[in-house]
Amino acid sequence: MTILDKKLEGTGTVLILGHVRPDGDCVGSCLGLLNYLENAYPQTKATVCLEAPAGKFGYMKGFDQIQTIFPQDTSYDLCICLDCSDKERLGAGAAAFQLAKDTLCIDHHITNRNYCAENVVEPNASSTCEVLFGLMDEAKITKETAACLYTGIVHDTGVFRYSCTSSKTMNIAGKLMDKGIDFSSIIDDSFFRKTYVQNQILGRALLESITFLHGKCIFSVVRLKDMDFYGVTSKDLDGIVEQLRVTEGIHCALFLYEVEPQIFKVSMRSNTALDVAKIAGYFGGGGHVKAAGCTMSGSIYDVVNNLSGHIEKQILELEAKEEEKEG
Ligand code: 5GP
Ligand code: MN
């Protein structure tokens with residue numbers, strides 16, 4: 001019996017929450033759990049509440065049932081928070097979270113603050129979907145549930161490329177494939193496919209990218225006026241930081257987009273031992289060692305300059321360690 005079974009036994013209403021600006025792992029884990037409960041715990045009445053996810057995730061069963069208006073004064077028997085490292089990241093879901101009779105967090109962020117009554121946090125897991133799979137009864141995972149969990153794993157591993165991918169991740173992905181999912185469509189349609197304007201804004205961001213710290217770092221920014229010009233929203237900016245990261249010789253990639261005048265959402269990626277979760281944490285954000293984010297205010301120059309100081313400090317420390325080893 002897993003902690004999920006223990007929490008669900010005899011439970012009536014379940015509220016499933018994720019993090020603000022939900023990504024593939026967030027949507028996949030929330031809908032994966034919704035579909036699982038329908039099959040394994042039919043006595044529960046589950047609701048998924050999220051900020052409106054990108055339409056490309058529409059193939060997952062239950063996508064149309066996602067509520068984007070958050071309950072304010074309903075007291076659920078159990079609130080399950082997925083892929084969300086702290087209460088603030090629940091966004092408008094925080095009100096219902098506070099009123100819930102019991103709470104459970106399932107996550108894989110090293111920066112998780114253990115804010116629920118029970119917290120299952122596995123920082124070495126590729127994704128929340130991988131953690132969730134471990135808490136489920138494999139026999140009760142339907143093809144629909146499998147498609148959701150596979151989506152989360154694909155997105156958080158960059159299609160099994162990032163260092164968070166383990167042989168366990170691959171084994172789980174294999175078991176999900178055995179449920180009969182259309183894995184190549186999932187990967188193509190939700191991860192690689194881009195609209196014309198998404199390609200245009202990606203191209204523009206690459207064209208305007210700038211390297212710094214002797215070519216070890218790269219950054220690019222998309223301003224509100226650029227998003228207006230191309231007719232895109234923040235949901236259309238997926239993958240830009242990844243393309244910056246794979247630039248030859250780069251230790252650390254930064255991508256900024258403006259959410260309000262002079263307020264920037266920052267995405268950071270590391271190719272080395274450089275710990276971007278630590279830097280994001282310093283600025284009130286969080287994430288993983290090699291992929292993290294935060295929100296910062298000021299001019300673009302101020303934001304990059306502030307981040308650059310922390311990156312340079314870590315690069316110097318890492319280089320000193322290397323020299324010590326060699327010396
Ligand atoms: P991304 O750059 O793709 O938005 O996020 C990379 C990772 O950092 C994800 O795991 C995401 O959940 C986490 N992350 C991004 N922004 C924030 C933030 O503002 N706060 C926290 N706690 N985590 C973040
Ligand atoms: Mn995740």
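# A predicted model with a six-stranded sheet and a manganese site

Six strands form an open sheet of mixed pairing, arranged in the order β6-β7-β8-β9-β11-β10, in what is a predicted model. The edges of this sheet are taken by β6 (210–212) and β10 (286–287), each of which pairs on one side only. Strands of a sheet pair through backbone hydrogen bonds, either parallel or antiparallel.

## The sheet around β8

Strand β8 (residues 252–260) has seven of its nine residues buried, so it is largely enclosed by the rest of the structure. Strand β7 (residues 217–222) runs parallel to β8 and is joined to it by six bridges, whereas strand β9 (residues 263–270) pairs with β8 in the antiparallel sense over eight bridges. Individual bridges place these strands against one another: Cys217 has Cys252 of β8 as its bridge partner, and Val221 is partnered in β8 by Leu256. On the side of β9, the bridge partner of Glu260 is Ile263. The hairpin of β8 and β9 has two residues between the strands, and Gln262 takes a positive phi near 65° there.

Ser220 is a residue of strand β7, and at 1% relative accessibility it counts as buried, the limit for that class being under 20%. Not counting residues up to four places away in sequence, Ser220 touches Ala205, Glu208, Ser209, Leu244, Leu254, Phe255 and Leu256. The C-alpha atoms of Ser220 and Ile240 are separated by 8.9 Å, with the two residues 20 apart along the chain.

## The manganese site

What are the protein donors of the manganese ion (ligand 2)? They are Asp25 (OD), Asp83 (OD), His108 (NE2) and Asp156 (OD), and they lie 2.1 to 2.4 Å from the ion. Along the sequence these donor residues follow the spacing D-x57-D-x24-H-x47-D. Asp83 sits in the loop between β3 (78–82) and α3 (94–99), while His108 sits in the loop between β4 (103–107) and β5 (118–121), so the pair ties together parts that are 25 residues apart in sequence. Both Asp83 and His108 are buried.

Ser29, a residue of helix α2, is one of the contacts of this region, since leaving aside neighbours within four places in sequence it is in contact with Asp83, as well as with Leu82, Thr128, Cys129 and Leu132. Ser29 is itself buried, with a relative accessible area of 0%.

## The nonpolar cores

In soluble globular proteins, nonpolar side chains tend to be buried together. Here the largest nonpolar core has 50 residues, and those with the most contacts inside it are Leu4, Ile16, Leu31, Ile80, Ile106 and Leu176. Helix α2 (residues 24–40) supplies the largest share of this core, namely nine residues. Around Ile80, leaving aside its neighbours within four places in sequence, the contacts are Leu4, Val14, Leu15, Ile16, Leu17, Leu33, Leu104 and Ile106. A second core, separate from this one, has 25 residues and includes Cys217, Leu254, Met268 and Ala292.

## Helix α7 and the aromatic pairs

Asp189 lies in helix α7 (residues 183–192) and is partly exposed, with a relative accessible area of 32%. Although Asp189 and Tyr59 are 130 residues apart along the chain, their C-alpha atoms are separated by 9.2 Å.

The structure holds seven aromatic pairs. In one of them, Phe191 and Phe192 have ring centres 4.9 Å apart and planes at 75°, so the pair is edge-to-face. Phe192 counts as partly exposed, at 48% relative accessibility.

## Annotated domains

Two domain annotations come from an unreviewed UniProt entry, "DDH" for residues 14–153 and "DHHA1" for residues 229–306. The table sets out the values computed over each of these ranges.

| Residues | Helix | Strand | Distance between end C-alpha atoms |
|---|---|---|---|
| 14–153 | 30% helix | 16% strand | 24 Å |
| 229–306 | 28% helix | 33% strand | 28 Å |

Methods:
Residues numbered from 1 in each chain as written. Chains lettered and ligands numbered in written order. Predicted model: local features only at pLDDT ≥ 70, side-chain atom pairs only at ≥ 80, totals over all residues. Heavy atoms only, no water. Donors = N, O, S within 2.8 Å, 3.2 Å for Na, K, Ca; no water. Helix = DSSP H or I, 4+ residues; strand = E, 2+ residues; numbered from the N terminus. Buried < 20%, exposed > 50% of the residue type's maximum accessible area, 1.4 Å probe, protein only. Core = buried A, V, L, I, M, F, W, Y, C linked by side-chain atoms within 4.5 Å. Contact = heavy atoms within 4.5 Å. UniProt positions renumbered as here; feature names shortened; annotations may be inferred. Pairing = 2+ DSSP bridges. Phe/Tyr/Trp six-rings, centres within 6.5 Å; stacked < 30°, edge-to-face > 60°.
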